[in-house]
Every structure is written in structure tokens, then in C-alpha cells.
Amino acid sequence: MSTHPKPLMRGKLLASLLIATLLSGCATVTNPVTGLAERTVMDEKSEIAEGEKGHQQVLKEYGVYDNAKVQAYVNALGQRLAQQSHRNNITWHFTVLDSPEINAFALPGGYVYVTRGIMAYMDSEADLAGVIGHEIGHVTARHGAQRATRQQTAGLGVLAASLLGAVLESQGMGGAGQLASQVSQNVAAGYIASYSRDQESQADQLGAEYLARSHYNPQNMVDVIQVLKDQERFADDAARAEGRTPGTRGNWLSSHPTNDKRLQDITASAGHFQGQYGDDGRGRYLDAVKGMDFGESRAQGLTRGQNFYHEPLGIALTAPEGWKVQNSTQAITLVNRAGDAALIIRTVPAKAGATHDEVIRNVIKPEQGRTERLTLNTLPATHLVGTRRNAQGQLQSIEATVVTGPSAQHYLLIHASKDGPARQRASTGLREAEASFRAMTPADRAAARPWALKVLPYPKGGFAQLAKPSPLRPLPEQQLRLINGHYTGGEPPVGQSVKVVE
């Protein structure tokens with residue numbers, strides 16, 4: 001959860017972009033990549049304008065990674081690739097977002113984003129160039145404009161209504177599984193979820209072409225997809241190790257449809273390029289990412305085992321045994337093992353009210369209910385049990401607590417569940433999770449230390465030796481293999497620089 005309260009952005013942002021394109025009318029433009037004429041609701045001027053508006057909202061939701069060296073490095077690499085693209089006439093913007101998510105995406109008009117999360121898993125400058133080149137390809141081929149045109153043709157009114165409805169519902173007190181999923185969604189999914197497989201394939205091919213033009217081996221496009229496929233394999237292995245069902249996706253590859261045939265296509269496309277290529281820039285890349293934050297940052301709050309610490313806000317929580325902590329820019333969510341109940345913790349904007357009663361009246365808006373004054377670890381709180389109307393006007397039960405934390409910041413702790421029986425089954429855990437809400441203690445502050453990437457010579461003892469002091473959990477050896485491109489096997493030469501997390 002970020003230091004300042006933020007509204008849910010994903011659906012609103014996508015809907016606002018789509019509504020703007022509806023008003024712009026249709027035009028005929030020439031596609032810079034294919035040279036073919038195409039009807040569109042978004043000409044180049046509109047693309048740039050919508051990209052600029054979306055850019056401001058992306059920055060509000062994610063935040064820019066506060067590392068001038070990394071930002072300058074990525075921007076220089078992106079600008080070099082963009083100058084070799086089919087649209088080197090527009091002004092390009094490359095931004096590293098302060099997010100541990102493994103993600104990259106682009107907005108129309110030349111706005112490209114990579115997260116520090118995805119950078120941790122790249123092994124060279126050429127690998128990162130493959131990621132950026134792919135996203136540049138979506139912009140040069142006007143995939144965002146094509147999607148907007150398709151959506152208007154299909155009936156924008158229905159789509160916009162469903163998107164806005166999802167946002168309103170996610171701000172309500174419905175099923176925990178739905179809520180936990182929605183609050184953890186990232187804005188990138190809104191921009192790329194509707195790319196077709198043909199568009200993804202074209203972006204892959206353009207990425208390989210831009211690599212070759214920039215004197216990087218286009219085979220690095222294959223390496224990028226392979227690294228991300230390994231990340232999916234690790235997610236499945238970690239799920240099995242924890243007794244969970246594998247297969248749930250939440251990264252860049254999940255929003256870019258892929259399969260074995262696509263990997264074969266990338267391999268074939270990259271093989272068509274012949275030329276003299278420079279080095280892959282591995283040394284430059286490791287120097288750039290050395291010291292970069294890994295995982296959650298201090299500003300976002302840190303999950304350490306069952307504990308969550310947010311030093312800027314001065315609060316901490318502990319999830320019950322078997323529960324998971326999910327941290328997003330909008331909320332902290334403590335989800336039970338079954339995934340059908342959760343405690344959702346959100347900051348309350350100051351304008352919502354100065355007292356607990358005002359917050360309950362203005363934010364929860366109960367139709368009826370009873371309140372109880374209590375304290376959570378000396379912090380004043382008010383517990384509500386009652387009913388309210390959801391976004392569809394249906395009456396539903398609500399149980400929530402308003403608590404005043406350090407610096408007089410109000411928080412809303414929502415007892416959410418799939419249904420009544422699920423809430424009843426999880427009631428003990430929900431109360432335990434709520435009762436853990438506290439101002440940070442000295443012990444909490446000592447535990448709330450961010451992790452960072454370090455670069456060390458590969459030892460004779462291999463990844464097993466590096467894993468012994470590693471804070472990574474679960475499967476530390478596998479995670480170290482993953483961030484160094486050796487998940488499926490193999491070893492770096494002894495003495496070669498590798499990434500570790502400390």
C-alpha cells in the first residue's frame with residue numbers, strides 16, 4: 001500500500017481513454033509498419049494526447065522508481081531503440097516504475113514502462129532491450145489505436161459501463177476473492193488485455209527487428225520469453241511447495257498471451273536476421289541494477305513472512321497462520337487459506353471525515369447497523385456490523401472497523417468474504433488479523449529492512465552456497481537461479497558476476 005491514499009485506477013483509466021476515443025470520430029491513417037491505410041478513431045495526434053493523459057495516471061498509481069541512475073540508463077536504451085523504429089518522428093518516454101511486479105507495457109503515443117521487478121529478472125542489456133523493443137512495437141504498429149477502434153465498433157457503451165461497474169463493485173464490500181483480485185490488479189492489464197495473438201506476434205517480430213537495427217542479437221527476444229516462462233515455472237513450483245494449486249498468473253507474460261508455438265515463432269523470426277552484433281551489455285546491465293530495490297520497497301510497505309510493515313505510515317499487521325499478505329497500491333489484503341475470506345485494509349482520505357462516525361457515514365454508508373467503541377493495541381477504533389447497498393443497489397451485510405493510526409490517519413478494515421458461510425468459517429481468523437493492527441514497535445522497525453540486488457562472483461559452492469544466507473522465501477536456491485537465468489539447469493563459470501538479494 002502506498003503512503004498516500006489512491007483510488008482504484010485500472011478500470012477508470014481504461015474507460016476514460018475509451019470514452020475519449022469515442023468522441024474523436026473516425027479518420028483514415030497509414031500504418032507506419034505495414035504502409036497500409038486503416039480506419040481509426042485515434043489518429044496520431046489523438047494517440048499522443050491520450051498517452052499523455054494516461055501517463056499521468058500511471059505515475060500516480062505506480063510511482064516512479066526513485067533512482068536517477070537506473071532511470072537514465074533505461075531511457076537512454078529506450079531512446080536508442082526508438083530511433084531505429086518505424087516511428088522515430090514522435091517523442092518517446094521511457095519510465096521505470098516503482099513496482100516489484102514482473103511487468104512492462106506501453107501507452108499509445110510513445111509512452112513505455114518497465115518495472116524494476118522485471119529488470120531484476122533480465123540478465124543483460126540486450127534482454128532488457130528485447131522487452132522494450134516489444135513494447136515499442138505495440139506503439140509503432142498502432143495496436144492501441146486498433147483496439148480502441150475495434151471496441152468502438154463492438155459497442156463502447158456496454159464495455160465502458162461494465163468497466164466502471166467493476167470499479168464501483170471493487171470499492172464495495174463484496175466477495176473476498178473478487179475484492180482481493182481487483183485491488184491487486186495493475187493498470188497495465190487494461191491496456192494490453194485485448195491484444196490479439198497476431199498483434200503479440202507482430203510486436204515480437206518488431207522487437208527482434210529493432211534489436212538487430214540497434215546491433216543487439218535478435219535471439220535475445222527468445223531469451224526474454226524463456227526467462228519469463230521460467231518465472232511461470234517457478235510460480236507453479238512455489239505453489240506446489242506451499243500446497244496451493246499452480247497456474248495462477250500475475251505477471252507480464254500472463255497479460256501477453258503465450259504458448260509453445262509462440263516461442264517457436266519468435267525463434268524463427270529472430271533467425272531471419274543476419275548481421276554482426278555487438279556484446280549483449282551484461283556488464284553494463286549488472287552495473288546499472290546493482291543496488292536496485294528488490295521486492296517491495298519501504299514506500300510501499302514490506303511483507304516479511306506473516307508480517308506486513310509500512311514504515312512511512314508507522315503501522316504493522318500479522319496474518320494468521322496459513323493466511324497470505326497481498327500488498328497493492330490501493331490496499332493491504334490478508335487472505336485466508338481457502339481464498340474465500342479476507343481482511344482488506346485501506347487508508348481513508350482526510351476529506352471522508354474527521355471522526356469515526358463521519359467515516360462510517362461517508363465511506364461505508366450503512367443503511368442500518370450497530371457500532372462498538374474499542375481499541376486495537378491502544379489505537380482507538382470503532383467496529384460496525386450492519387447492512388449497506390452495493391453498486392447494484394442490492395442490500396448486503398457489512399462488517400468493518402475504523403481505526404485511527406499514527407499521525408491521526410484513519411484506516412478502514414473490511415471483513416470481506418465470498419458469502420455468509422465463508423465469513424462465518426473465517427470469523428476467528430478475521431478477528432485475529434484485525435487485532436494485529438498496530439503502531440510499529442522497535443522490533444517491527446528492525447524487521448522492516450528493504451532488500452536490494454547485489455552483484456557477487458559466483459562461488460565454487462554454487463547457488464546452494466549463495467542460498468544459505470539469502471532472505472528469499474520460498475525456495476531460495478531456485479529464486480537465485482531464476483534471477484540469474486539458470487532456473488532449468490546449468491551453472492555460471494566460477495568467478496562470473498551473478499545477482500543475489502541481500
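This report covers the overall build of a predicted protein model, one of its helices, and the confidence of the prediction.

## The whole chain

The protein has 502 residues, and 55% of them count as buried. Its secondary structure comes to 19 helices and 19 strands.

Contacts often link distant parts of the sequence. Take the contacts between residues at least 6 apart: 66% of these join residues at least 24 apart. The protein exposes about 20,900 Å². Carbon and sulfur atoms supply 51% of that area.

## Helix α19

Helix α19 spans residues 476-483. Is this helix mostly covered or mostly open? It is mostly covered, with 6 of its 8 residues buried. The buried ones are P476, Q479, L480, R481, L482 and I483.

What do these buried residues pack against? Their partners include four helices and strands from earlier in the numbering: α4 (116-121), α10 (220-241), β6 (293-294) and β18 (451-457). They also pack against α18 (462-467) and β19 (497-501). Just after α19 comes G485, with a positive phi of about 75 degrees.

## How far to trust the model

The mean pLDDT of the protein is 85. A value of 70 or more is reached by 83% of the residues. Over residues 4-24, however, the pLDDT is below 50. That stretch still has 58 contacts in the model beyond near neighbours in sequence. Residues 249-257 also have a pLDDT below 50. Here the model shows 36 contacts beyond near neighbours in sequence.

Where pLDDT is low, predicted coordinates should not be read in detail.

Notes:
Residues are numbered from 1 along each chain as its sequence is written. This is a predicted model: local features need pLDDT of at least 70, side-chain atom pairs count only at pLDDT 80 or more; totals for chains, interfaces and linings use all residues. Side-chain values use heavy atoms; hydrogens and water are left out. Helices (H or I, at least four residues) and strands (E, at least two) are DSSP runs, numbered from the N terminus. Buried means under 20% relative accessible area, exposed over 50%, partly exposed in between (1.4 Å probe, protein chains only). Contact means heavy atoms within 4.5 Å. Accessible areas come from the Shrake-Rupley method with a 1.4 Å probe; for residues, only the protein chains shown count as cover. pLDDT is the predictor's confidence in each residue, from 0 to 100.
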